[in-house]
Amino acid sequence: MGKRIAEAVKLVDRKKKYRLNEAVEILKKFPKAKFDESVDLSIKLGVDPKHSDQMVRGTVSLPHGSGKSVRILVFADGEQATAARNGGADHVGFKDLIQKIKDGWFEFDVVISTPAAMQEVRKLGRELGPKGLMPNPKTGTVTEDIAKTVKEFQAGRVEFKLDKAANVHVSVAKLSFEGRQIEENARAALEAIVKARPATAKGNYLECVVLSATMSPGIPIDIKEFIVA
């Protein structure tokens with residue numbers, strides 16, 4: 001354990017679960033790294049990822065943006081391709097981009113598609129699926145309103161998705177943000193994940209929530225304020 005991490009660990013009572021605002025205050029007191037760290041939430045959910053009807057996936061528009069610059073790729077043609085370019089998408093195309101990805105090109109962070117293009121885009125399952133980049137109606141990345149969706153992702157809309165261990169990891173801010181901004185972004189993300197609870201999920205849904213920065217120890221969050229009766 002490095003000296004900086006050791007100093008940060010001293011600020012966290014491992015036997016305590018903190019309210020979100022308290023956790024943010026502690027996070028801001030941690031010794032800083034030499035770069036602007038991301039602020040992340042790690043959430044353990046009481047669902048079974050082996051069952052498709054218990055999948056948790058969606059998007060949330062962070063009130064203060066994510067602090068990250070995202071490269072957006074859009075599969076579209078005709079007027080919708082023009083709308084994507086005018087909206088500020090970094091890469092716009094259709095079969096040309098599909099072939100480029102098949103050849104190993106992945107210089108993008110978000111993929112959006114029109115419904116009409118999805119018949120061909122689905123053929124990229126092996127390439128986009130493992131990276132969590134396949135467009136999906138549940139996350140709003142398969143849409144007719146291309147320009148609006150591009151602008152939302154530019155403004156700080158982020159995706160969340162359950163992994164094979166029933167965890168969700170989502171970056172909600174940069175450590176340079178004000179404490180209030182970090183708290184409001186984290187709260188919005190947690191509320192969105194709570195709303196995405198599958199109807200088939202039984203028992204405790206939020207099992208564990210931890211707030212951390214890229215190079216920091218985790219701070220356990222008291223989940224009681226996020227439990228919906």
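**Aromatic residues, nonpolar cores and the largest pocket**

In this predicted model, Phe106 has a relative accessibility of 28% and therefore counts as partly exposed, since the partly exposed class runs between 20% and 50%. Phe108, at 3% relative accessibility, falls under the 20% limit and so counts as buried. Trp105 is buried, as is Phe108.

These residues take part in ring pairing. A pair of aromatic rings is described by the distance of the centres and the angle of the planes. The structure holds 2 aromatic pairs. In one of them, the ring centres of Trp105 and Phe108 are 5.2 Å apart and the planes meet at 55°, so the pair is tilted. The rings of Phe106 and Phe108 have their centres 6.0 Å apart, and with the planes at 45° this pair is therefore tilted. Tilted here refers to planes that are neither under 30 degrees apart, which would be stacked, nor over 60, which would be edge-to-face. Through the ring pairs, Trp105, Phe106 and Phe108 are linked into a cluster.

Lysine residues also lie over rings of this cluster. The charged end of Lys100 is placed over the ring of Trp105, at 4.3 Å from the ring centre. Lys131 lies over the face of Phe106, and its distance from the centre of that ring is 4.6 Å.

The largest nonpolar core comprises 45 residues, and the members that touch the most others are Leu41, Ile43, Leu45 and Leu206. Two or more residues of this core come from each of helix 2 (20-29), strand 1 (38-45), strand 6 (157-161), strand 7 (167-174), helix 8 (179-195) and strand 8 (206-213). Helix 8 makes the largest contribution, giving 8 residues to the core. When residues up to four places away in sequence are not counted, the contacts of Leu41 include Val168, Val170 and Val172, together with Ala186, Ala189 and Leu190, and also Val209, Val210 and Leu211. His169 is likewise touched by Leu41. A second core, separate from this one, has 17 residues, among them Phe94, Phe108, Val111 and Leu124. Phe108 thus belongs to the second core as well as to the aromatic cluster.

Rolling a probe the size of a water molecule over the atoms shows where empty space is left. The largest pocket holds about 640 Å³ of space. Its lining consists of 22 residues, and those nearest the pocket centre are Asp109, Gly132, Glu159, Phe160 and His169. Strand 6 and strand 7 each provide at least two lining residues. The largest share comes from strand 6, with 5 residues.

Conventions: Residues numbered from 1 in each chain as written. Predicted model: local features only at pLDDT ≥ 70, side-chain atom pairs only at ≥ 80, totals over all residues. Heavy atoms only, no water. Phe/Tyr/Trp six-rings, centres within 6.5 Å; stacked < 30°, edge-to-face > 60°. Buried < 20%, exposed > 50% of the residue type's maximum accessible area, 1.4 Å probe, protein only. Lys NZ or Arg CZ within 6 Å of the ring centre and 35° of its normal. Core = buried A, V, L, I, M, F, W, Y, C linked by side-chain atoms within 4.5 Å. Helix = DSSP H or I, 4+ residues; strand = E, 2+ residues; numbered from the N terminus. Contact = heavy atoms within 4.5 Å. 1 Å grid on protein atoms, 1.4 Å probe; cavity = no way out; pocket = protein on both sides within 12 Å on 5 of 7 lines; lining within 4 Å. Points joined across faces, edges and corners; volume = space filled by probe spheres on them.
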